[in-house]
Amino acid sequence: MTRNFFCGSADHAISRRGFLGAAAAVGAATAADMTQLNVLSSPALAGEMKKKQKRVILLWLAGGASQLETWDPKPGASTGGPFRSIPTDVTGLHISELMPEMAKRMKTTCVIRGLNTRNGDHGSAAKLMMRGRKDEASVKYPDLGAVIAREMGRVESKVPDYVTFYTQTEGRGMAPGESGFLGARYSPMELTTNNMPEYIKKLDGINELDHQQRADLRELLSKQFNQGRTSTTLASHNEAYERVRGIMASDKLFDITQEPQKVRDRYGPTQFGEQTLIARRLVEASVPFVRVARAWWDSHGQNFETHQEMVPELDHVMATLIDDLKERGLLDDVMIVTLAEFGRTPQINSSLGRDHFAAAWSMTMTGGGIKAGSYHGKTDDKGNKVVDGEVNPASLFATLYSALGINPHKNYHVGARPIPLVEPGTEAVKDLIG
């Protein structure tokens with residue numbers, strides 16, 4: 001029998017976006033300061049950054065992971081599936097037996113089990129869960145990464161503000177990084193083919209001395225040309241060069257061979273593990289937002305085999321990332337978010353799969369100002385609906401922003417029009433903010 005894992009949506013088509021496209025838009029890097037990459041070898045500077053700056057790693061579970069096989073198991077129910085639930089280190093909180101490592105670390109984490117996002121379409125739901133709201137006809141909203149880049153990025157930083165790994169093809173075209181009305185300045189650096197940005201290194205035919213001398217000459221000529229002139233175009237031109245130089249100097253951050261072998265072994269040899277390790281290196285170097293997308297969770301057929309294969313990997317990588325950040329003293333400043341476009345139906349279909357379901361599903365937040373060891377929301381005995389603590393996309397984003405120290409009610413402006421960061425009237429879930 002043919003295994004029917006996925007829905008076959010046309011939205012799953014590959015959408016390749018080259019790194020240089022983003023770089024050319026000057027959206028991903030801030031003004032260059034060629035000294036800042038030494039942060040990895042400067043504990044004092046890293047310590048100072050930790051005091052000032054929150055950062056986010058988003059583990060995006062593309063296609064929609066099942067809440068019943070992860071954070072909200074229903075053992076014994078007709079909808080529960082074959083896996084048991086196991087107790088965690090938080091009294092009264094049980095999760096799937098497929099996540100034994102996270103069960104020992106739930107004191108670090110917050111689970112929301114009451115998401116009701118009312119959208120089961122891959123494309124529009126992915127945009128909704130990346131932005132916290134729907135676009136208007138005349139306004140395209142920035143996604144979470146672009147907002148964090150805007151709020152947490154530093155002008156003097158030379159590292160990118162927003163990096164997204166989306167190597168697998170499922171859902172890539174549905175959840176692209178979007179800066180919306182914030183503009184190209186906050187667009188992501190997108191990596192879709194490998195873990196190293198393409199064309200980030202100088203040509204082999206140019207040695208370091210030539211490279212530096214060319215930059216010095218360009219800077220000298222630019223300064224001479226600028227004398228007596230005031231122009232935003234000129235300023236933007238020079239800023240673009242500095243940012244590109246900054247990106248070129250960031251290549252070591254993407255190179256996991258710079259890590260000790262024992263650290264690489266902890267994360268494991270999988271693509272998801274390696275990209276998550278790079279994400280840790282990036283946030284440690286003060287990149288405000290990194291997304292690591294992991295597919296293929298769209299299990300319309302043989303849901304249990306799919307999750308038996310994939311959930312243990314998520315469990316291992318997420319637990320390792322938490323431990324690593326904690327050991328480095330970064331967990332209070334880096335928020336780990338697990339999120340998808342929706343969850344899976346409690347009902348098991350004739351292909352032993354679960355279909356799209358947005359009425360009662362789960363996500364997690366760890367560190368970065370979230371109340372550790374907490375859980376919010378409750379679903380009924382079969383997982384069909386939220387019976388307590390319902391959370392919608394707007395209140396989820398208000399909670400994220402509040403925990404990170406961002407006023408969710410602040411206004412951006414499109415022309416003269418004030419645009420609140422979250423939908424008006426939305427409140428954060430205060431019980432989840434540490």
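This briefing covers the main sheet, two helices, a hairpin and two loop residues. The model is predicted. An open sheet of eight strands has mixed pairing and the order 6-5-7-1-8-11-4-12. Helix 9 (residues 271–284) and helix 10 (residues 303–327) are each largely enclosed by the rest of the structure.

**The eight-stranded sheet**

- Strand 6 (189–191) and strand 12 (374–376) form the edges of the sheet. Each has a single partner strand, so one side of each lacks a neighbour in the sheet.
- On average, neighbouring strands are turned by 15° against each other, direction ignored.
- Strand 1 (residues 55–61) pairs with strand 7 (residues 289–294) in the parallel sense, over six bridges. Within this pair, Leu-59 has Val-292 as its bridge partner.
- Strand 5 also runs parallel to strand 7, and four bridges join them. Here Phe-165 has Val-292 as its bridge partner. Val-292 is thus named in two pairings, with Leu-59 and with Phe-165.
- Strand 5 pairs with strand 6 as well, again in the parallel sense, over three bridges. Val-163 stands opposite Met-189 of strand 6.

**Side chains of strand 5**

- Strand 5 covers residues 162–165. Tyr-162 and Thr-164 point one way from the strand. Val-163 and Phe-165 point the other way.
- All four of these residues are buried.

**Helix 9**

- Helix 9 has 14 residues, which at 1.5 Å a residue should span 20 Å. Its end C-alpha atoms are 20 Å apart, in agreement with that value.
- Twelve of the 14 residues are buried, so the helix is largely enclosed by the rest of the structure.
- The buried set mixes residue types, including Phe-272, Leu-277, Ile-278 and Val-283 alongside Gln-275, Arg-280, Arg-281 and Glu-284.
- The cover over these residues includes strand 1, strand 5, strand 7 and strand 8 (334–339). It also includes helix 8 (261–267) and helix 10.
- Just after the helix, Ser-286 takes a positive phi of about 85°.

**Helix 10**

- Helix 10 has 25 residues, with an expected span of 36 Å at 1.5 Å a residue. The end C-alpha atoms are 35 Å apart, which agrees.
- A kink of about 25° lies at Glu-309, shortly before the proline Pro-312.
- Of the 25 residues, 18 are buried, so helix 10 is largely enclosed by the rest of the structure.
- Gly-329 follows the helix and has a positive phi, near 70°.

**The hairpin of strands 15 and 16**

- Strand 15 (residues 411–414) and strand 16 (residues 417–420) pair in the antiparallel sense over four bridges.
- Asn-411 of this hairpin stands opposite Pro-420 in strand 16.
- Two residues lie between the strands. Gly-415 takes a positive phi near 65° in this hairpin.

**Two loop residues**

- Ser-187 sits in the loop between strand 5 and strand 6. Its relative accessible area is 16%, under the 20% limit, so Ser-187 counts as buried.
- The side chain of Ser-187 makes a polar contact of 3.1 Å with the side chain of Ser-179.
- Gly-389 sits in the loop between strand 14 (386–388) and helix 11 (393–403).
- Leaving aside residues up to four places away in sequence, Gly-389 touches Gly-114, His-376 and Gly-377.
- Gly-389 and Leu-115 are 274 residues apart along the chain, and 8.6 Å separates their C-alpha atoms.

Methods. Residues numbered from 1 in each chain as written. Predicted model: local features only at pLDDT ≥ 70, side-chain atom pairs only at ≥ 80, totals over all residues. Heavy atoms only, no water. Expected span 1.5 Å × (residues − 1). Bend = angle between axes of the 7 residues up to and from the residue. Buried < 20%, exposed > 50% of the residue type's maximum accessible area, 1.4 Å probe, protein only. Pairing = 2+ DSSP bridges. Axes fitted to C-alpha atoms, helices over the stretch in contact; angles between N-to-C directions. Contact = heavy atoms within 4.5 Å. Polar contact = N/O pair within 3.5 Å; in protein donor to acceptor, adjacent residues only side chain to side chain.
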